[in-house]
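Open the model in your viewer and keep the sequence panel handy. We'll take it one selection at a time.

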Amino acid sequence: MLPSKEMERLTKGLPGPSAKIRALAAAGVRPADIARFLNIRYQHAYNVIKQSAASDGALPHGSGEDGETLKGQYVEVGPAGRVIIPPAFLAAISAKEGDRIFLKPIDGKLQIMSKTAALEEMRKLVRQYIPEGVNLADELIADRRREVAREAKGRG
């Protein structure tokens, strides 16, 4: 169960109990714990979660940490554009609390990558412009040596 302070942080500014229930459920909080935290009936929390799950678009999307196929899931945009990404989706990209993730809009879609995956994508992009067999570090060192030699000629 999440600490009360964390549940308060997740629900701060959300418009009503249903939005708070969905946000907490997306963070992995059990319905009974949600009901106690919000001081509502268990059945209310359970019904909101069940209804949200039933209305989610269920498109295969990837694998969670235990290998099960993840389905597409709707999440609510909160104040200041805050979106709570369900734990299973974070696990699928090996992201945890405090990690930085990379967001990239592509044709009306939002791609979310771990920092490692984003760096690898950038490396692939750069590699396509480097000729085969060229070592950029060696090229940089050789360039600096030529520059030093030119400066030494200019002083002498």
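Before you click on anything, here is a term for the tour: a residue counts as buried under 20% relative accessible area, as exposed over 50%, and as partly exposed in between. Try it out on E147: at 31% relative accessibility, E147 is partly exposed because that value falls between the two cut-offs. Keep in mind that what you're looking at is a predicted model.

**The whole chain**

Switch to a cartoon view and colour by secondary structure. You should find seven helices and four strands. Following the sequence, they come in the order α-α-α-α-β-β-α-β-β-α-α. Now colour by accessibility: of the 156 residues in the protein, 19% are buried. As for contacts between residues at least 6 apart in sequence, 30% of them join residues at least 24 apart.

**Stop one: α2 and α3**

Select residues 17-26 for helix α2 and residues 31-38 for helix α3. In general, a packed pair of helices is described by the angle between the axes and the distance between them. Here the axes come within 10 Å and cross at roughly 140 degrees, so α2 and α3 are oblique to each other. The crossing of α2 past α3 is right-handed.

Which residues in α2 and α3 meet? Show side chains for P17, K20, I21, L24 and A25 on the α2 side, then I34, F37 and L38 on the α3 side. By class, this contact has seven nonpolar residues, one charged and no polar ones.

Stay on α3 for a moment and pick out its buried residues: D33, I34, A35 and L38. I34 and L38 also belong to the contact with α2. Then step on to N39, which follows α3 and has a positive phi, near 55 degrees.

**Stop two: salt bridges**

How many salt bridges does a search of the whole structure find? There are eleven, and we'll visit a few.

Go back to α2 and select R22 together with E76. They form a salt bridge, with the closest N and O atoms 3.0 Å apart. This pair links distant parts of the chain: R22 sits in helix α2, while E76 is in the loop between β2 (69-71) and α5 (87-92), 54 residues apart. R22 counts as partly exposed, at 32% relative accessibility, and E76 is partly exposed too, at 33%.

Next, select E121 and K104. Their closest N and O atoms are 2.9 Å apart, in another salt bridge. Again the pair links distant parts of the chain, with E121 in helix α6 (residues 115-127) and K104 in strand β3 (residues 101-106), 17 residues apart. E121 has a relative accessible area of 32%, which makes it partly exposed; K104, at 29%, is also partly exposed.

**Last stop: α7**

Finish on helix α7, residues 136-155, and bring back E147 along with R144. These two form a salt bridge whose closest N and O atoms are 3.4 Å apart. Both lie in α7, three residues apart, about one turn of the helix. An α-helix has 3.6 residues a turn, so residues three or four places apart point the same way. R144 is partly exposed, at 43% relative accessibility.

Now add D143 and R146 to the selection: D143, R144, R146 and E147 are linked in a network of salt bridges.

Key: Residues numbered from 1 in each chain as written. Predicted model: local features only at pLDDT ≥ 70, side-chain atom pairs only at ≥ 80, totals over all residues. Heavy atoms only, no water. Axes fitted to C-alpha atoms, helices over the stretch in contact; angles between N-to-C directions. Helix = DSSP H or I, 4+ residues; strand = E, 2+ residues; numbered from the N terminus. Parallel < 35°, antiparallel > 145°, perpendicular 65-115°, else oblique. Left-handed = near helix turned anticlockwise from the far one by under 90°. Contact = heavy atoms within 4.5 Å. Nonpolar A, V, L, I, M, F, W, Y, C, P; charged D, E, K, R; others polar. Salt bridge = Lys/Arg side-chain N within 4 Å of Asp/Glu carboxyl O. Buried < 20%, exposed > 50% of the residue type's maximum accessible area, 1.4 Å probe, protein only.
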